[in-house]
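Let's take a walk through this model together. Keep your selection tool handy, and follow the stops in order.

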Amino acid sequence: MSHPNAAGVTARAHSNIALIKYWGKRDARLNLPAVGSISITLDALYTDTRVAFLPGLEADRVDIGGRRADTTRFSRFLDLVRAEAGIDTRARIESWNNFPTGAGLASSASGFAALAVAATRAAGLTLEPRALSVLARQGSGSAARSIFGGFVEMRRGARDDGLDAAASPLLDAADWPLTVIVAITEHGAKALDSTAGMTGSADTSDFYQAWVDHAEPDLAAMREAIAARDFQAMGELAEHSCLKLHGLMLSTRPGQIYWNAATVAAMHAVRALRADGVPVYFTIDAGPQVKALCPPAHAETVAAALERVPGVLETRRSALGPDARCHD
Ligand code: DP6
């Protein structure tokens, strides 16, 4: 049995956006992905999470941004940590995002990565990053990637126990500086969460099998583009994976339309910039926000153009970020 740290532990993990998207599960209980994915970790968007295992506490308690949250998903995750540590103590979790929660900005990615780091340390465990990634995956698939900074690949894995379904770093943030401009078009929480959305696609979309079958060639091409630091190849593949994902979402029954008018206008604005010679590509997750990828030298131009798009409420700018870690 390990010795929980009753004073609590705080960890910070950064959000990430996928360049090659994850959508679909091959095992719901262990949260095993049907496809691999490749992402970049964002420096400017992060979650800080504090965990304390407190003897005498009758139930887990979770506050996100100072508001009491439903504990179901978190207690299930803490049970994995408790089982590993051989403890039964309930925990208090306090978490803050420095960006809108649940609006397609990957709060579950940074949230469960920060929770994995803080909860294991607070429970007295010392886990390697790869084991933290396996654990974080069971909270949210994209969280497995937020354990690492820079360019990250999440392997689909082949084992039934999921021990090989983990992320690993491809390239450090400093090795290929990039800027991501996030165009926020809606502040509210999204209507349908990713877990329900991907189950719907697997059950009802005629495109789902094609999505799964074509994941490997997309991943291989992206690995190559990143290794060569080929911005155009990386951008074209990222836009393709994004539009293919949204094609899959649209072909789900009922169709999943995550975009609003400003989302579409921002995509056209990115393509208009490109036609003018600015190197920039977009990607979009299960929400209405548009993330534009460009070399840092073009960040001003891209941000200014996106801010002129009707319906874009604000932009956030980010470099690539570091690994998840404990901090005081
Ligand atoms: C569209 O990781 O949120 O952002 O594993 O069910 O928690 P769960 O799903 P989640 O899905 C992310 C979907 C995506 C694409 C991606 O990040 O790869």
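Two residues are in contact here if their C-beta atoms, placed from the backbone, lie within 7 Å. Keep in mind as well that this is a predicted model.

**Stop 1: two helices**

Select residues 261-275, helix 8, together with helix 9, which covers residues 299-307. With that contact rule in hand, show the side chains of Ala266, Ala269 and Leu273 in helix 8; they meet Val302, Ala305 and Leu306 in helix 9. What is the make-up of this contact in nonpolar, polar and charged residues? Six are nonpolar, with no polar and no charged residues.

Now turn the view to look at the axes. Two packed helices are described by the angle between their axes and the distance between the axes. For helix 8 and helix 9, the axes come within 10 Å and cross at roughly 140°. Angles over 145 degrees would count as roughly antiparallel, and 65 to 115 as roughly perpendicular; helix 8 and helix 9 are therefore oblique to each other. The crossing of helix 8 past helix 9 is right-handed.

**Stop 2: the sheet**

Next, colour strands 10 to 13. They form an open sheet of four strands in the order 11-12-10-13, paired antiparallel. At the edges you will find strand 11 (281-283) and strand 13 (314-318), each pairing on one side only. From one strand to the next, the twist averages 25°.

Zoom in on strand 10 (residues 179-184) and strand 12 (residues 290-294): these run antiparallel and are joined by five bridges. Which residue of strand 12 is the bridge partner of Ala183? Pick Val290 to see that partner.

Bring the helices back into view. Helix 9 packs on this sheet, touching strand 10, strand 12 and strand 13, and its direction makes about 10° with that of strand 10. Add helix 7 (residues 231-250), which also packs on the sheet. Helix 7 touches strand 11 and strand 12, and its direction makes about 35° with that of strand 11.

**Stop 3: two domains**

Finally, zoom out and colour by the domain assignment, which gives domain 1 (9-176) and domain 2 (179-318). Their C-alpha centres lie 23 Å apart. Across the boundary, 28 residues of domain 1 are in contact with 37 residues of domain 2.

On the domain 1 side, the elements giving two or more residues are strand 1 (9-20), strand 4 (37-53), strand 8 (151-154) and strand 9 (167-171). Strand 4 supplies the largest share, five residues. That side of domain 1 divides into 19 nonpolar, five polar and four charged residues.

Key:
Residues are numbered from 1 along each chain as its sequence is written. This is a predicted model: local features need pLDDT of at least 70, side-chain atom pairs count only at pLDDT 80 or more; totals for chains, interfaces and linings use all residues. Two strands pair if DSSP finds at least two bridges between them. Axes are lines fitted to C-alpha atoms, for helices over the stretch in contact, and angles run from 0 to 180 degrees between N-to-C directions. Angles under 35 degrees count as roughly parallel, over 145 as roughly antiparallel, 65 to 115 as roughly perpendicular and the rest as oblique. A crossing is left-handed if the near helix is turned anticlockwise from the far one by less than a right angle, and right-handed if clockwise. Ala, Val, Leu, Ile, Met, Phe, Trp, Tyr, Cys and Pro count as nonpolar, Asp, Glu, Lys and Arg as charged, and the others, Gly among them, as polar. Domain bounds come from an automatic or database domain assignment.
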